[in-house]
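Let's take a walk through this model together, starting from its interior and ending with a pair of helices.

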Amino acid sequence: MTIGNIPKEIRRKPSARAYVLLAYLPTTRLEHVSNKAQRRRLINNLYHACMGKVLKPLESAGINGIFMTSGDGLTRRNHPIWACFIGDYPEQVLTAAVPTGECPECPVPRDEIGEPEVPPGYRDLEAILAVLDSFDTDPANFLQACSELGVKPIIDPFWKNLPYSHVYRSITPDVLHQLYQGIMKHLIAWIVEAYGAEEIDARCRRMPPNHNIRSFMKGITALTRVTGVEHDQMCRILLGLVVDAPLEGGLSSAPLIRAVRALLDFLYLAQYPVHTDETLELLENALAVFHDNKEIFVDLGIREGWNIPKLHFALHYAELIRLLGTTDNFNTEYTERLHIDLAKDAYAATNRKDEFAQMTIWLERKEKILRHNQFVQWRIDGCPKVEVQEWLPPGLELDRKTHLSKHPSACSVSLDSLEHNYGATYFRVALKRFVASKIYPDVTRAQLEQKLANIRLPFQKVPVWHKIKYLRTDPFTKVSSTADSIHVHPARKDSRNRPVPGRFDTALINDGTGHQTGIEGMSSRPSFHSLLIGHPQGIVLDASGLYFRCRKKPSRHYFQEMSWFRNILPTLNGIHHSLNRGSITNSIKSSR
Ligand SMILES: [Zn+2]
């Protein structure tokens, strides 16, 4: 259990211990009950009975309030309300007391669950409670009445008496199980079926390496027991895999690309840490685009219908985000992690006999020691006052600090090598053009080209950096981590003399007209080689326009350079680079 007024940045760190374990629920399968239907009903009722017992104190606390002391030392009267339930699909339907295959939120009939619209309203809580209560008055017709209303025969659902609660508005979105392990898993399977495993795997192997992207050198189709993290990595390359692949039978791939893109848009929009009406509209539109284009999978013979409860639940996302907050509040990843800390570790500490009693004692002692330890540490630190942290919108810290190593990766690379081994064709011309444009800012383009002949480069070798990092700093912990990086390596031989192919990352550069999102205004065909070049020691690039003037003392300054080429013609089959403009910038913005 956790409480809603803890900031999610704190809640999502397992080390912050914002979740407490209330109880271990029995996992018995009740094998001794031979009738299967009866066994299922008993297991369901057992779950609700246990949960009811655990949450019983909330009934009076919600109405009468209880006194609680918060972190600032003040005691206030609180009315804790059961607000939402986090779980995977089987847990959701179990909690909502609805049959598997149906929606735990709305009363959509099972055969209409694939429709792109949600019926208005929620399940009728009053009517459902009335039927579930009829067990005492009319037990003979109880099962029949429950099945007519589409609920499981739960005699005492745990949420029955919880004040101000509505179970059918409390089932939260679950990005891990519903999107990554649900919809995306399906989508990847459909794509593999549409294009063939061999083609998809071959395309995976040809993905250039990149920071934040895992290389699936053996392909993605042969993987078994794919985790949420792996699905996340696959989603990053999914559109790139299919964007230019032709479909069999001459079918247009446009609807398929639109459908894939729409679901990916939905996936990423659903994970925004902050939402506005506008972003929620984008979220809904993305899903609508998928539904408009999904028939391509039927045309290809991959799907027959769309009765997928997780796909239906996606229709509830926008409304649930409005009601309960953004999806990163409810990520089951955190609770799965706690399963290790609070159940597996606890079990490992027992002698495997009569384990529950030992586990609870172990946990209780662990919590007490941790709390006492914190108190001791606080006293050692001189009892500092608790500072109120200023709230920052989470995840919106877009500032990136560039980081270069102090020393270049290659100290002295000849200009010839730059042009041949680093792929920076026409580097000399580009550099001269840049210098000329700074010295003669007012001349026309044609005049500028003439001036190039007068510029001599007073060096033949330059230091080169092979890596540039973009660091982000967490606003709360102040820990900085690498958000992105650009790598440039010419082909080389490793220590055992085996050839290592060159690596030239693609970067998008904001040419000054771009915005913070999307790639509009970014250099339009971003397939260029990036290169980080320092200037030779003793030569200073300064703002006064005195370029290439040697200084006696070696300068420690360096400038970062990206030679970038617009409108590059395809280079794969040996066609030359068409260089319209080479430019040196000392401020680089990278966005992927
Ligand atoms: Zn629904």
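What follows describes the nonpolar cores and then one helix packing.

Please keep in mind that this is a predicted model. A good place to begin is the largest nonpolar core, which has 45 residues. Ile191, Val260, Leu263, Phe266, Ala270 and Ala314 are the residues with the most contacts inside this core. Several helices give two or more residues to it, among them H7 (175-195), H10 (254-269), H11 (277-293) and H14 (317-324). The most comes from H7, with 11 residues. Where does this core lie with respect to the domains? Domain 1 (8-171) and domain 2 (174-396) both give residues to the core, so it lies between them.

To see the core from one of its residues, try Leu263. Leaving aside neighbours within four places in sequence, Leu263 is in contact with Ile183, Leu187 and Phe290. Apart from this core lies another one, of 19 residues, which includes Val93, Ala96, Leu162 and Ile171.

Now turn to H11 and H14. Their axes are 9 Å apart, and the two helices pack at an angle of about 155°. Angles over 145 degrees count as roughly antiparallel, and H11 and H14 are therefore roughly antiparallel to each other. Which residues bring these helices together? From H11 come Leu280, Leu283 and Glu284, and they meet Tyr317, Ala318, Ile321 and Arg322 in H14. By character, the residues of this contact between H11 and H14 divide into five nonpolar and two charged, with no polar ones.

Technical notes:
Residues numbered from 1 in each chain as written. Predicted model: local features only at pLDDT ≥ 70, side-chain atom pairs only at ≥ 80, totals over all residues. Core = buried A, V, L, I, M, F, W, Y, C linked by C-beta atoms within 7 Å. Buried ≥ 20, exposed ≤ 12 C-beta atoms within 10 Å, placed from the backbone. Helix = DSSP H or I, 4+ residues; strand = E, 2+ residues; numbered from the N terminus. Domains from an automatic or database assignment. Contact = placed C-beta atoms within 7 Å. Axes fitted to C-alpha atoms, helices over the stretch in contact; angles between N-to-C directions. Parallel < 35°, antiparallel > 145°, perpendicular 65-115°, else oblique. Nonpolar A, V, L, I, M, F, W, Y, C, P; charged D, E, K, R; others polar.
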